[in-house]
Amino acid sequence: MAPVAGPDPVSGWAVRRPGPMASGPLAPVRRPAPEPGPDDLLLTVEACGVCRTDLHLAEGDLPPHRPATVPGHEIVGRVVATGEAVTAFRTGDRAGGAWLRSTCGSCRYCRAGHENLCPASLYTGWDADGGFADAALVPADYAYPLPDDQDATLLAPLLCAGIIGYRALRRSALPSGGRLGIYGFGASAHLAAQVALAEGATVHVLTRSARARQLALDLGASSAGGAYDRPPEPLDSAILFAPVGDLVPVALEALDRSGTLAVAGIHLTDIPPLHYQRHLFLERNLRSVTANTRQDGREFLATAARIGIRVTVSPYPLSRAPQALADLAADRVEGAAVLTPGRRARRRPSWRHGRRAVTPRAGSTGCAGSTGRAEVNPGAPADSFQVLAALAIVTDSSQLTTLRCRSTRGDQMTVHEIAATAACGTEVGQGDARYEALRRGFNQRFIATPDYVSVVSSTREAVAALNKYLASHRSDADLHRRITVRSGGHCYENFVCGNDVGVILDLAQMDRAYLDQEMGAYCVESGANNWHVATHLYAPFGVALPGGSCYSVGAGGHVAGGGYGLLSRQHGLTVDYLYAVEVVVVRDGQHAEVVIARRDAPEQELRDLWWAHTGGGGGNFGIVTRYWFKGLPKPPSEVLLHAVAWPWDDLKDHPDRFKSLVRNYGLFFEYENTPELPASLRRDYSDMFTLLKLNQRANGKIGLITQLDATRPDSVERLDAFLEWLTQDLGVEPTPLDRRMGEHAPMGGLHVPTRLPWLTATQTLNGSGDNQCGKYKSAYMTRGFTEPQLDALFTHLSGNGYSNPQALLQVDSYGAAINLPDSADTAVYQRSSVLKLQYQTYWSWQKDSNDDGVADHQDADIDPSIAAPHLRWIREFYRDVYKDTGGVPVLSPTTTPAGEQPAPVTDGCYINYPDTDLDDPEWNRSGQPSHRLYYGDNYARLQAVKDYWDPRNVFRHAQSIRPVTR
């Protein structure tokens, strides 16, 4: 036996407790390097594909064959040791390990060439540890030799997705030049389709994913429709890749006479009853596909090399294996997910260089509107129904009302009535002691004078409150007094508390965060604030929503606008986990409806409404009452928290020092994972989130807050390397961050990197600041700062014309996992940025302009000079930073600009930091209106959603989505 040179120990992931991905079935493991048996290969894993079978094993759809098995059966690796009987492989060879691991070789199935049916067959990642690790054992007789000159990440999907897709294609009995329908279009289907196309077939793809439909067309499919759509012509053959039993009769009915349907999955949900005449008569055939033979594998790999098959992959580092499975479960994976142990996954081009991934070649039973439970159909399984809407009509808040819940089952729609009291919540009007507090939010610039504030504690009360408003606002002219919705009260403009507001719906009492067993997802009500969400998801379940650090921000607006936070670089945005949203809408312009819009809803209109809440912003389509999230990540058990500051006294006379610090900060995130950075920095920094606090000089210091995953043994080393890069030209010693900077309180004790439990660190950073007046502006940046921008930053932050210790530019790190989705996957368009900027200034009234002996909002109402210097400073600051692009951070073009004009380094603005100046020609001369800066190319689709769900424009503000028809 050749000497063992493999890693010791082996690190990877094992299935500890099978269950939904939200429950965290995978656990990290470290085990001694395995010793090869006589017929084994020991491989160091270069890449391992993530198969839907791995998901079925993790979630318990397939019962475990042994405890704590490492999944993964699309293994590409290098041979580091061989068993004594191995002759076909040598140390250093590249080899592949696949699903089929061993068979008896002597049963009648094996003797007949059907070894996939062997009763004694064993499988990689089910019966033995697989490739979700940095080393794996593979029996040599079941390994495939692989070429050395191909990218391992592109080879891995071939070993199961490709092979099983090939067998499914053969099992479908597709005739030469025949018509093939493919149901579901993921890792396996997109490879099988290419084989069929190369053999002259006409391919029709039917899948729920819009992105997958586009990929199908890009690969040459003749058509691409929804999963339940009828193909444009009868099919000779069909393959069902989606594990959805409901699609079996759909596919069978699409077959022509004597057509064959092959079901490719190892697991399938229950198949509904079949109708003999519609589904099976005329000699239609229904076949299953069970594993594969080694001959299937050899034939497919030869075919793939011959036709130059395209492999579309979404790479993940091994450390993010749970996320890869969660994304697969949520249909967030384009093509095939692939794990890359020992190194960071290849950076997708969209992280820095465009919006489309490159695809290289390889050689309830409950009423939605009620707080209680309504029996829809006793005896029917809960998942046989989808609640589409609940309609409550009231004319007076004291009346008894009826909620009509519209549900669908098959092609039938039924109406179920539920009697309930239609309370509109607690109404707080003028003269009530609570009125002054409830007519305003955190930003004291905007204080409304509504007729009343309706404090609601349930969806039912929200419906009743909205219907009461609509009953007294029947004509469009009546709508001049708006109805607005508040979850946390952190809106930076007058969208909620403007002078034209007639009714405010306060959702703060709807503040639960819990595991919804029926939905199979974590439910977060709109009034739950960030801290409440953090504690109520982490303590009982160990998961986190990657949202913001400001504790009092409400989920309602935060999520709808595409909220982000310190976990986002590692795990993405909040909306990347959004599964469903409950919205009270006014589709007919007169009556409230409760709609649950799910990501996988059969109806396109519902899917569009879900999509609109993945970044379209609050106050646009209706009243968001609840969100559901799936696949939420587990935060690290401990983080490294660090905070330092540099005195302005050492910078004010040395602009080069200031600019070097800011320049290097931007370049680090621009160059991340490229050869532009020194070797010491070419590591996985996706767990690092930073906040650079460029305070106005009156603060006395500028600061930096950094958080990293402390469970990684190199966290201190990586922090030191980052700080060394940042300060390489600074020449100023760091000092403690000992004063308030924006929303963050002093953190003087963190000048020495401090290890803290994640939840404790989150509490440390949980600030909202004082209740003051404020003005915000934002920008996304796709690259670091330009020299003119650096000059403008220094001029406005160091100048003597304005003095305010609470004025600053905060530059947040961005990118990494945030940029994995494409721009159209969610309503958040900006998926190529590396920095996110927050321009902020805060002030108090501090002036008794009306001589009543106190300072309050009445003084600001009559005296514009209280706010004027602060507004002037931030507006001029912003204008000058973006002087070369019309005074605003214009959207980056999707193509290279003509001529020698450099592309802008900006990519628009963030809707959760709204800025009405963007629609003022004095401050925006770019030609790009606010909706373009916020939403880019997604605005047209948002308008279409608005047209359908709120055609009367009941929900609106100064920068809301405008319906096309109005």
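Okay, a word on terms before we start: helices and strands here are DSSP runs, numbered from the N terminus. With that in hand, here's a spot to begin with: Tyr 228 sits in the loop between strand E12 (223-225) and strand E13 (235-240). Please keep in mind that this is a predicted model.

So, is Tyr 228 buried, exposed or partly exposed? Its relative accessibility is 47%, so we call Tyr 228 partly exposed. Tyr 228 also has a partner to look at: Thr 207 is 21 residues away in sequence, and the two C-alpha atoms are 7.8 Å apart in space.

Let's zoom out for a moment. The protein chain has 966 residues, and 62% of them are buried. Going through the chain, you'll count 24 helices and 37 strands. As for the outside, the chain exposes about 35,400 Å², with carbon and sulfur atoms supplying 49% of that.

Staying on the surface, there's a nonpolar patch of about 230 Å², and the residues that make it are Ile 271, Leu 274 and Leu 286. If you want to find Ile 271, go to the loop between strand E14 (255-263) and helix H8 (276-280). Ile 271 comes out at 41% relative accessibility, so it counts as partly exposed.

Now for something on the inside. Have a look at helix H16, residues 604-612. Why do we say that H16 is largely enclosed by the rest of the structure? Because seven of its nine residues are buried. Those buried residues are Leu 606, Arg 607, Asp 608, Leu 609, Trp 610, Trp 611 and Ala 612.

Another buried one is Val 575, in the loop between helix H15 and strand E27 (578-585). Val 575 has a relative accessible area of 1%, so buried is the word for it. From Val 575 to Phe 629 is 54 residues in sequence, yet C-alpha to C-alpha they're 8.4 Å apart.

Okay, salt bridges. In general, side chains of opposite charge can pair when their charged atoms come close. How many salt bridges does this model have? The count comes to 51. I'll pick out a few.

Asp 825 pairs with Arg 211, and their closest N and O atoms are 2.3 Å apart. Arg 211 is at 17% relative accessibility, and the cut-off for buried is under 20%, so Arg 211 counts as buried.

Then we have Asp 500 with Arg 482, where the closest N and O atoms are 2.9 Å apart. Asp 500 lies in the loop between strand E23 (482-486) and strand E24 (501-506), while Arg 482 is in E23, so this pair ties together parts that are 18 residues apart in sequence. The two ends have their own settings: Asp 500 is partly exposed, at 32%, whereas Arg 482 is buried, at 4%.

Next up, Asp 714 and Arg 712 form a salt bridge with closest N and O atoms 3.4 Å apart. Here Asp 714 is buried, with a relative accessible area of 18%, and Arg 712 is buried too, at 19%.

And there's a network of salt bridges to trace on your screen: it links Glu 493, Lys 775, Lys 777, Arg 875, Asp 915 and Asp 917.

Last topic: the spaces. The second largest pocket holds about 1,400 Å³ of space. Its lining has 45 residues, and the ones nearest the centre are Trp 13, Pro 28, Ser 319, Arg 320 and Asp 709. Which elements give two or more residues to that lining? They're strand E1 (10-15), strand E2 (26-31), helix H10 (321-329) and helix H15 (568-571). Of these, E2 gives the most, with five residues. By class, that pocket lining splits into 19 nonpolar, 13 polar and 13 charged residues.

Now the second largest cavity, with about 240 Å³ of space. This cavity is lined by 20 residues, and Leu 545, Gly 547, Gly 548, Trp 758 and Thr 762 lie nearest its centre. Helix H13 (530-541), helix H14 (555-560) and helix H19 (758-764) are the elements that give two or more residues to the cavity lining. What classes do the residues of that lining divide into? Eleven are nonpolar, nine are polar, and none are charged.

That's my tour, thanks for listening.

Conventions: Residues are numbered from 1 along each chain as its sequence is written. This is a predicted model: local features need pLDDT of at least 70, side-chain atom pairs count only at pLDDT 80 or more; totals for chains, interfaces and linings use all residues. Side-chain values use heavy atoms; hydrogens and water are left out. Patches are made of residues with over 30% relative accessible area and no salt bridge: like charges are joined within 9 Å, nonpolar side chains (Val, Leu, Ile, Met, Phe, Trp, Tyr) within 5 Å. Accessible areas come from the Shrake-Rupley method with a 1.4 Å probe; for residues, only the protein chains shown count as cover. A salt bridge is a side-chain nitrogen of Lys or Arg within 4 Å of a carboxyl oxygen of Asp or Glu. Helices (H or I, at least four residues) and strands (E, at least two) are DSSP runs, numbered from the N terminus. Buried means under 20% relative accessible area, exposed over 50%, partly exposed in between (1.4 Å probe, protein chains only). On a 1 Å grid over the protein atoms alone, a cavity is a set of points where a 1.4 Å probe fits but cannot get out, and a pocket is an open set with protein on both sides within 12 Å along at least five of seven lines; lining residues have an atom within 4 Å of a point. Grid points are joined across faces, edges and corners, and a volume is the space filled by probe spheres set on the points. Ala, Val, Leu, Ile, Met, Phe, Trp, Tyr, Cys and Pro count as nonpolar, Asp, Glu, Lys and Arg as charged, and the others, Gly among them, as polar.
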